[in-house]
Amino acid sequence: MKIVILGAGLAGLSAAEELARRGHEVVVVEKEPFHGGLAATIKRDGFVYDLGPHRFHTSNDLILGFVKGLPGIDLLELDRVSRIRLLDRYFDYPLSFSNLLSTMPLHRGVGMMLSFLREKIRGISAPREQESFEGWVLSRFGRGLYDLYLAPYNKKLWGIEPSQLSADWASQRITVPSLAGLIKETIVPSKETVRSLVSTFHYPRGGIGEICRGLASGITEMGGSLLFSSEPTGLKKAETGWCINFPNSHIVCDKLISTIPVNSYTELLGNILPEEVHRAASNLKFRALVFLTVHLNCDIEPLDHWIYTSEDRYLFNRLSISRNFDPDVPSQVVFEYSCQEGDDIWKMSKEKLLETTIPGAEHLGLFSAETVLGSDIIRRAYAYPIYDLTYAKNTSLVLDALEEIADCVTCGRQGLFRYNNMDHSIEMGKFAALEILGEASVKSHFNWDENTWADG
Ligand SMILES: Cc1cc2nc3c(=O)[nH]c(=O)nc-3n(C[C@H](O)[C@H](O)[C@H](O)COP(=O)(O)OP(=O)(O)OC[C@H]3O[C@@H](n4cnc5c(N)ncnc54)[C@H](O)[C@@H]3O)c2cc1C
């Protein structure tokens, strides 16, 4: 069989690798000039950096074994260090009750506990709605912690009010279920390791993009091909299978796997899908990210892999320190700015962004303007699927309609509009390959409970 795979991120390459290994002809079509998608390592002009902090961790031994076995991979095992910068001090991330209380100014600590008790009393007579992030978090943590960190951070990350954000995001990301849970965890730590508390992770020497490099070299060795800087203009049903159109050419194939953003995919399918599916797909929105990497001629003190910065004084919402992942890369900090494609942050020049970033970096004691050797910028329009209050309805309408079309499968973070981790995308790709071969299905393989996708 000849199978075309759209997208050369982890999901697309994993699907292609599985199919090539089973003797099928695969062609991977990627719009960027490089592979990796969100898990790429950018290498240009002396810069070597990932798109934000990427730690590889999985509870699936088969996926870990698969990654370890990729050609040329040298997986380091690291102890995670990550913190939150708030009120000019550092708090542990993930949050712990003892650290919160001992680090917070006394009046805030007391306020946090009182507001939590108020919520518990309110819950008896007037329970909060549980559909939104706001209702879910307030009822479990109280207003003190909500106003201090959980609301401002999430507003900055998502660009919408927490009342407009689905509670699914909270239940997926906040794995300790309440302030009471945090207290209990401090007194009697649970035996089961909660995913966001996993304290060690793997990282490939040379950058996270090494995983995709290993996948891609396996695919080409087995005779598969990768087409870069190639963006289809339409997908049409052929006599048997599919015709993928490009501006000046086309490819005919038997089957198709898509890992590109689900709304780009539905657009390519055009009138194969009814209007109501297009309407639902256009309501699925993605949050964009701008990454600014700053090269330095000095070492950086903090040992953190990454630091969250929810306060308005920092335009960036997170920073990561590359050398704490791999000691062999240059001294550099990668800043992330959450935004919408086309807005003011998205359009900001590298120079302007650097200018607005330096005071924050100085305030954090990371580096000063004199130590900056250079900077690089990259923008990604599809970083996070936005779980607004209508996302679940729209996603299932679109995915149900796509399932009805023969000889094609959509998968991956963008293809399923699912906030997932790297191991999930690898597994989704492999199961999409099996689905194409009629041996399994992505939908029935995964448990679609929010716990499956916890933390990233
Ligand atoms: C800042 C950040 C930090 C993260 N940290 C972690 C972490 O620590 N641990 C973890 O496990 N996960 C992490 N993740 C998640 C992880 O990066 C993703 O789950 C994974 O890389 C997604 O892979 P994918 O192949 O499904 O999607 P993508 O990587 O998005 O791949 C989709 C590919 O399709 C291509 N494409 C798009 N449109 C078209 C088109 N029209 N035609 C052709 N090609 C197209 C894209 O260029 C891309 O290469 C993080 C994500 C972000 C954004």
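Ile-405 counts as partly exposed in this predicted model, because 16 C-beta neighbours lie inside 10 Å, a count that falls between the limits of 12 or fewer for exposed and 20 or more for buried residues. The residue sits in the loop that runs between helix H13 (391–403) and strand S19 (408–410). A partner distant in sequence is Ile-272: 133 residues separate it from Ile-405 along the chain, while the C-alpha to C-alpha distance is 8.6 Å.

Strand S19, which follows that loop, takes part in an open sheet of five strands. The order of this sheet is S9-S2-S1-S13-S19, and its pairing is parallel. Its edges are formed by strand S9 (225–227) and S19, each of which pairs on one side only. From one strand to the next, the twist averages 15 degrees. At the S9 edge, strand S2 (residues 25–29) pairs with S9 in the parallel sense over three bridges, and Val-28 has Leu-226 in S9 as its bridge partner. Helix H1 packs on the sheet and touches strand S1 (2–6), S2 and strand S13 (255–258). The direction of H1 makes about 165 degrees with that of S2.

A second open sheet is built from seven strands in the order S7-S6-S15-S16-S17-S14-S18, and here the pairing is mixed. Strand S7 (89–92) and S18 are its edge strands, each pairing on one side only. With direction ignored, neighbouring strands are turned by 25 degrees against each other on average. Strand S6 (residues 82–86) and S7 pair in the antiparallel sense over four bridges, with Ile-84 standing opposite Phe-91 in S7. Two helices can be described against this sheet. Helix H5 (residues 133–158) lies across S6, strand S14 (286–296), strand S15 (306–309) and strand S17 (332–339), and runs at about 100 degrees to S6. Helix H12 (residues 350–363) also packs on the sheet, where it touches S14, S17 and S18, its direction making about 75 degrees with that of S14.

Apart from these sheets, a hairpin deserves a brief look. It joins strand S11 to strand S12 through two residues. S11 (residues 242–246) and S12 (residues 249–253) pair in the antiparallel sense over five bridges, and Cys-243 in this pairing stands opposite Val-252 in S12.

At the level of domains, the protein chain is divided into domain 1 (2–35 + 59–77 + 203–284 + 387–453), domain 2 (82–193) and domain 3 (286–385). The centres of domain 1 and domain 2, taken over C-alpha atoms, are separated by 35 Å. Eight residues from domain 1 and ten residues from domain 2 make up their contact. On the domain 1 side, the residues that touch domain 2 comprise six nonpolar, no polar and two charged ones.

The ligand brings several of these elements together. It is surrounded by 38 residues, of which the closest are Gly-7, Gly-9, Gly-37, Gly-52 and Gly-412. Two or more residues of this shell come from each of helix H1 (10–21), strand S18 (372–385), helix H14 (412–415) and helix H15 (422–436). By class, the shell divides into 16 nonpolar, 14 polar and eight charged residues. Domain 1 and domain 3 each contribute at least three residues to it.

Definitions and conventions
Residues are numbered from 1 along each chain as its sequence is written. This is a predicted model: local features need pLDDT of at least 70, side-chain atom pairs count only at pLDDT 80 or more; totals for chains, interfaces and linings use all residues. A residue is near a molecule or strand if its C-beta atom, placed from the backbone, lies within 6 Å of it. Ala, Val, Leu, Ile, Met, Phe, Trp, Tyr, Cys and Pro count as nonpolar, Asp, Glu, Lys and Arg as charged, and the others, Gly among them, as polar. Domain bounds come from an automatic or database domain assignment. Two strands pair if DSSP finds at least two bridges between them. Axes are lines fitted to C-alpha atoms, for helices over the stretch in contact, and angles run from 0 to 180 degrees between N-to-C directions. Two residues are in contact if their C-beta atoms, placed from the backbone, lie within 7 Å.
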